[in-house]
Amino acid sequence: MKQAKVAIFMGSESDLPVMSKAAELLAAYGVEHTVTVASAHRSPEFLHERVAESEKEGVQVFVAGAGGAAHLAGVLASRTVKPVIGVPMGSKLSGFDSLLSTVQMPRGVPVATVAIEGAENAALLAVQILALADPALSKRLMDERKRQASEIAQKGRKK
Ligand code: RP5
């Protein structure tokens, strides 16, 4: 089995429909990853254990999605110096609570926060970080940007 480069965490199984989009994007780029449900509040010891294990297994980037009092990405970031990308989940408060809980980190412990439910972009950012040391991955990202641009140009011409 190949070593996972990215570890996806989420606070609850209820986050899976959104966070599985991150896993799908990583799979599309051939990036090995793990998926863990662990809560900063409900299962803090398990979260700490899984972060330590992930580091030992060679994970380079963490993606963490949680909603409401969304402390998962921040707590995760307190346990590692690897980049942590936070995904604020939708909530009863339209995800604003999740967004602020994820993005408003104290100085010294950053979380790179994407849009509310922006799981695909979180995974793409993880791929971009890995691509810094992987020219083949970097080329795939550039090819995808070109494909996007030509698709949009094509649609534009039809109008
Ligand atoms: C957070 O609370 C989870 O990340 C989830 O987004 C939200 C609701 O969790 P459940 O009550 O559905 O388990 O911790």
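This report describes the sheet, the helices around it, the salt bridges and two individual residues of a predicted model.

## The sheet

The strands are a useful place to begin. Strands of a sheet pair through backbone hydrogen bonds, either parallel or antiparallel. In this model five strands form an open sheet in the order β2-β1-β3-β4-β5, and their pairing is parallel. The edges of the sheet are taken by β2 (33-37) and β5 (112-113), each of which has a single partner strand, so one side of each is left without a neighbour in the sheet.

On the β2 side, five bridges join β1 to β2, and these two strands run parallel; within this pair, V6 stands opposite H33 in β2. Towards the other edge, β4 and β5 pair over two bridges, again in the parallel sense, and G86 has T113 in β5 as its bridge partner.

Strand β1, which spans residues 6-10, is mostly covered, with five of its five residues buried. In a regular strand the side chains alternate between the two faces of the sheet. In β1, V6, I8 and M10 point one way, while A7 and F9 point the other way, and all of them are buried.

## Helices across the sheet

Which strands does helix α1 lie across? Helix α1 lies across β1, β2, β3 (61-66) and β4, and runs at about 175 degrees to β1. Helix α2 lies across β1, β2 and β3, and its direction is about 170 degrees to that of β1.

Two packed helices are described by the angle between their axes and the distance between the axes. For helix α1 (residues 16-28) and helix α5 (residues 119-131), the axes come within 7 Å and cross at roughly 35 degrees, and α1 passes α5 in a right-handed crossing. The residues that meet there are V18, M19, K21, A22, L25 and L26 in α1 and A119, E120, A123, L124 and V127 in α5. By class, this contact of α1 with α5 is made up of nine nonpolar, no polar and two charged residues.

## Salt bridges

A search of the whole structure finds six salt bridges, and three of them are set out in the following table.

| Pair | Closest N to O distance | Relative accessible areas |
|---|---|---|
| K82 and E55 | 3.3 Å | K82 27%, E55 27% |
| K139 and D143 | 2.8 Å | K139 48%, D143 33% |
| E151 and K155 | 3.7 Å | E151 35%, K155 48% |

The pair formed by K82 and E55 links distant parts of the chain, since K82 is in the loop between α3 (72-78) and β4 (84-88), whereas E55 is in helix α2, 27 residues apart. K82 is partly exposed, and E55 also counts as partly exposed.

The other two pairs are found within one helix. K139 and D143 both lie in helix α6 (residues 135-158), four residues apart, which is about one turn of the helix. E151 and K155 likewise both lie in helix α6, four residues apart, or about one turn. This second pair also belongs to a wider arrangement, in which E144, R147, E151 and K155 are linked in a network of salt bridges.

## Two residues in their surroundings

Is S98 buried or exposed? S98, whose place is in helix α4 (residues 96-103), has a relative accessible area of 0% and is therefore buried, the limit for that class being under 20%. Leaving aside its neighbours within four places in sequence, S98 is in contact with A66, G67, G68, A70, P88, M89 and S91.

F46, by contrast, has a relative accessible area of 35%, and F46 therefore counts as partly exposed, since this value falls between the limits of 20% and 50%. F46 lies in helix α2 (residues 44-57), and, when residues up to four places away in sequence are not counted, F46 touches T36, V37 and A38. Of these contacts, T36 is ten residues from F46 in sequence, and the two are 10.0 Å apart in space, C-alpha to C-alpha.

Methods
Residues numbered from 1 in each chain as written. Predicted model: local features only at pLDDT ≥ 70, side-chain atom pairs only at ≥ 80, totals over all residues. Heavy atoms only, no water. Axes fitted to C-alpha atoms, helices over the stretch in contact; angles between N-to-C directions. Left-handed = near helix turned anticlockwise from the far one by under 90°. Contact = heavy atoms within 4.5 Å. Nonpolar A, V, L, I, M, F, W, Y, C, P; charged D, E, K, R; others polar. Buried < 20%, exposed > 50% of the residue type's maximum accessible area, 1.4 Å probe, protein only. Salt bridge = Lys/Arg side-chain N within 4 Å of Asp/Glu carboxyl O. Pairing = 2+ DSSP bridges.
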